[in-house]
Amino acid sequence: MHVAVLGAGTMGHGIAQVSAMAGHDVTMRDIESEYVQNGLDAIEENLRGGVERDKVTEAEMAATLDRLTGTTSLGDAVADADLVVEAVPEDMELKQETMREVEGFADDDAVLATNTSSLSVTEILSALEHPERGIGMHFFNPVHIMALVEVVVAEQTDDGTLDLAHEFVDDIDKTAVEVRDSPGFASSRLGVALGVEAMRMVQEGVASPEDVDAAMELGYNHPMGPVELGDVVGLDVRLGILEYLREELGERFRPPQILKRKVRAGKLGKKTGEGFYVWEDGEKVGVSEDVMDQ
C-alpha cells in the first residue's frame, strides 16, 4: 500500500514511521522543506533509539528509511496513494481546505483519513465531493509506542472505506476501537473530562499536581497522571478541545481559570518548558511556581 501523510510534525512523522515500519511505501508532505527534513530526522532518531534498546534491528531501520520519501508537493505526495492521512493542525477550515485540495490530486479510489482528536469528522468530510471515502483515524502520541487507533465513522463513510481503515490499523500492528462521529469521540471526551477535573482540583487546592497524578498512577494503574498528561499533550491543545466540547456538550467541559491563565502566559507544558510542571530537556524537574502559589 502507498500511504501519503500530510504533515511532518509530531503526529505526522509518527504515522509515517509506523506505516513504513509495517512495509508500506510512505510519502510525507509538509509545506516547507525544513519541516519535511525535521520530520525525517525525527523518524531516524526514533529508529536509532529503538536499535539502541534492541527493539529494532539495523536492517529494519534501513528498510524503514528506504520506504520513506519527503516532499513539499501535495500532488506528488497523494497522486498514487491508496490511503491519505492528513495530520495538519486542529483547525476546521484548514482541515477542510486540505481535504478539498487532496481530492483534486488523489486517485478516485483512495481513502482519505483525518487524524483529528476531537473535531467533527462528518463536518471535515463535507468539503469533499465524495465524502463516502473519508474517515477519521485518531492516532495517539507517541505514535510508534501507543497501541491505539480510534477509527471514527462519519455520517458519510461507506463500508469499503471502513474496511480499509481496519485493515490498515491491523497492518501497522495497532488496535482499533470503532466509534460513531460525535464530539470528542470516546478517547478525547473521557480523557479531557478526567484532565479538566484534575486541573480544577489543583486550582481549588485539593491536592498538588504530583499527588493528583500519583493517585491515578498508583490507584488506577494509569501510566501517566492527568495533570502531567496535559503538559505532555500541550495545554493549548487541551484548552482548544475543552472549548469545542463546551460548545457542543455543555458547561461540564468549561475550561478552568488555571488552564486559561497558563495558556495566556505561554506556559503550554513540556513543549515550552513549563506548564503545571517545569521541564528541562524533555524531563519533568519540578512544579511550576504559580501552581505552588494557588
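Two strands pair if DSSP finds at least two bridges between them. That rule sets the scene for this predicted model.

**The sheet**

Eight strands make up an open sheet with mixed pairing: 8 strands in the order S3-S2-S1-S4-S5-S6-S7-S8. Where does the sheet end? Its edge strands are S3 (68-71) and S8 (175-180), and each of these pairs on one side only. On average, neighbouring strands are turned by 25° against each other, direction ignored.

Now take one pair. Strands S6 (residues 134-139) and S7 (residues 148-153) run antiparallel, and 4 bridges join them. Within this pair, Met137 stands opposite Val151 in S7.

A helix also meets the sheet. Helix H5 (residues 92-105) packs on it, and its direction makes about 165° with that of S5. The strands that H5 touches are listed here.

| Strand touched by H5 | Residues |
|---|---|
| S1 | 2-6 |
| S4 | 83-86 |
| S5 | 111-114 |

**The second largest pocket**

Rolling a probe the size of a water molecule over the atoms shows where empty space is left. In this model, the second largest pocket holds about 300 Å³ of space. Its lining has 15 residues. Which of them are closest to the centre? They are Met21, Lys55, Val56, His144 and Ile145. Helix H1 (10-21) and helix H2 (33-52) are the elements that give two or more residues to this lining.

What kinds of residue line the second largest pocket? The lining divides into 7 nonpolar, 4 polar and 4 charged residues.

Terms used:
Residues are numbered from 1 along each chain as its sequence is written. This is a predicted model: local features need pLDDT of at least 70, side-chain atom pairs count only at pLDDT 80 or more; totals for chains, interfaces and linings use all residues. Side-chain values use heavy atoms; hydrogens and water are left out. On a 1 Å grid over the protein atoms alone, a cavity is a set of points where a 1.4 Å probe fits but cannot get out, and a pocket is an open set with protein on both sides within 12 Å along at least five of seven lines; lining residues have an atom within 4 Å of a point. Grid points are joined across faces, edges and corners, and a volume is the space filled by probe spheres set on the points. Ala, Val, Leu, Ile, Met, Phe, Trp, Tyr, Cys and Pro count as nonpolar, Asp, Glu, Lys and Arg as charged, and the others, Gly among them, as polar. Axes are lines fitted to C-alpha atoms, for helices over the stretch in contact, and angles run from 0 to 180 degrees between N-to-C directions. Contact means heavy atoms within 4.5 Å.
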